[in-house]
Amino acid sequence: MINKILFFLIFTCFLSNFSFANSNKFIVYKSPWIKFIAKNQKNLSGYLILKNTSDKAIKLISVNSNFAEKTEIHKMKIENNVMKMERIKTGILILPNKEVLFKPGGLHIMFKNIKNKLNLDDKKKVFFNFEKNGTIEIMMKVKKGYHSKKHNH
Ligand SMILES: [Cu+2]
């Protein structure tokens with residue numbers, strides 16, 4: 001519990017420069033960013049918070065971008081004490097009035113085979129496709145991450 005509170009506080013501090021932006025009628029988002037690891041990094045992950053402001057469940061079915069060869073939804077899981085990534089192909093259901101957190105060590109957007117190297121402070125357009133609610137375009141900023149588990153492919 002303390003861990004959760006601590007995490008929340010750290011996370012909240014981290015997010016405090018951001019605010020919710022209206023993206024479509026049903027989905028708002030917060031703090032979209034791509035974690036900068038090193039120049040020439042081929043695979044990068046992106047994070048944000050998506051909130052469903054409607055009273056019906058909304059499904060995120062896929063994500064795409066122009067700067068990576070593939071853009072996928074991933075989650076981290078522990079298998080035999082080793083942290084691994086798994087692609088989520090079935091989409092993410094966001095319950096009414098609930099948030100889904102994409103965060104280091106958890107759900108993330110995986111950008112595979114970046115076409116041109118990304119630099120700090122670059123802003124990249126990413127498209128989030130919802131089952132019945134169309135596509136929203138979100139600018140994700142390339143930033144240095146805070147300490148988190150190493151992310152390997
Ligand atoms: Cu991944």
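A residue here is called buried if 20 or more other C-beta atoms lie within 10 Å of its own, exposed if 12 or fewer, and partly exposed in between, with C-beta atoms placed from the backbone. What we have is a predicted model, where local features need pLDDT of at least 70 and side-chain atom pairs count only at pLDDT 80 or more, while totals for chains, interfaces and linings use all residues. Residues are numbered from 1 along each chain as its sequence is written.

**View 1. V100, a partly exposed residue in a strand.**
V100 sits in strand β8; helices (H or I, at least four residues) and strands (E, at least two) are DSSP runs, numbered from the N terminus. V100 has 18 C-beta neighbours inside 10 Å, so it counts as partly exposed. Leave out its neighbours within four places in sequence, and V100 is in contact with L50, I92, I94 and L107; for a contact, the two C-beta atoms, placed from the backbone, must lie within 7 Å. The C-alpha atoms of V100 and I49 are 5.7 Å apart, with their positions 51 residues apart along the chain.

**View 2. The whole protein: one helix and eleven strands.**
Going along the sequence, the pattern reads α-β-β-β-β-β-β-β-β-β-β-β. Of the 153 residues, 21% count as buried. Take the contacts between residues at least 6 apart in sequence, and 66% of them join residues at least 24 apart. As for confidence, the mean pLDDT is 85, and 79% of the residues reach 70 or more; pLDDT is the predictor's confidence in each residue, from 0 to 100. One stretch to treat with care is residues 12-22, where pLDDT stays under 50. The model has ten contacts beyond four places in sequence for that stretch.

**View 3. Strand β3 and the strands it pairs with.**
Strand β3 covers residues 44-52, and seven of its nine residues are buried. Two strands pair if DSSP finds at least two bridges between them. With β2 (residues 27-36), β3 runs antiparallel over six bridges, and V28 stands opposite K51 there. The pairing of β3 with β8 (residues 99-102) is antiparallel as well, over four bridges, with L48 facing F102 as its bridge partner. Then there is β9 (residues 108-114), joined to β3 by three bridges, again antiparallel. In that pairing G46 stands opposite I109, and L44 stands opposite F111.

**View 4. Strand β9 alongside β5.**
Beyond its link to β3, strand β9 is joined to β5 by six bridges, and these two run antiparallel. Look for H74, whose bridge partner in β9 is H108. A general reminder for reading any of these strand views: in a regular strand the side chains alternate between the two faces of the sheet.

**View 5. The largest nonpolar core, with L50 and I109.**
A nonpolar core is a set of buried Ala, Val, Leu, Ile, Met, Phe, Trp, Tyr and Cys residues joined through C-beta atoms within 7 Å. The largest one has 23 residues, and L50 and I109 have the most contacts inside it. The elements giving two or more residues to this core are β2, β3, β4 (58-65), β5 (68-79), β9 and β10 (123-130). Not counting residues up to four places away in sequence, L50 touches I27, Y29, L60, I94, E99 and V100.

**View 6. T53, in the loop after β3.**
T53 lies in the loop between β3 and β4. With 17 other C-beta atoms within 10 Å, T53 is partly exposed. Setting aside neighbours within four places in sequence, T53 contacts F26, V28 and N97. Its C-alpha atom is 9.2 Å from that of L95, a residue 42 places away along the chain.

**View 7. N81 and N97, two asparagines with positive phi.**
N81 has a phi of about 70° although it is not a glycine. It lies in the loop between β5 and β6 (82-87), and N81 is exposed, with 5 other C-beta atoms within 10 Å. N97 has a phi of about 60°, and it is not a glycine either. Look for N97 in the loop between β7 (92-94) and β8. N97 is exposed too, with 10 other C-beta atoms within 10 Å.
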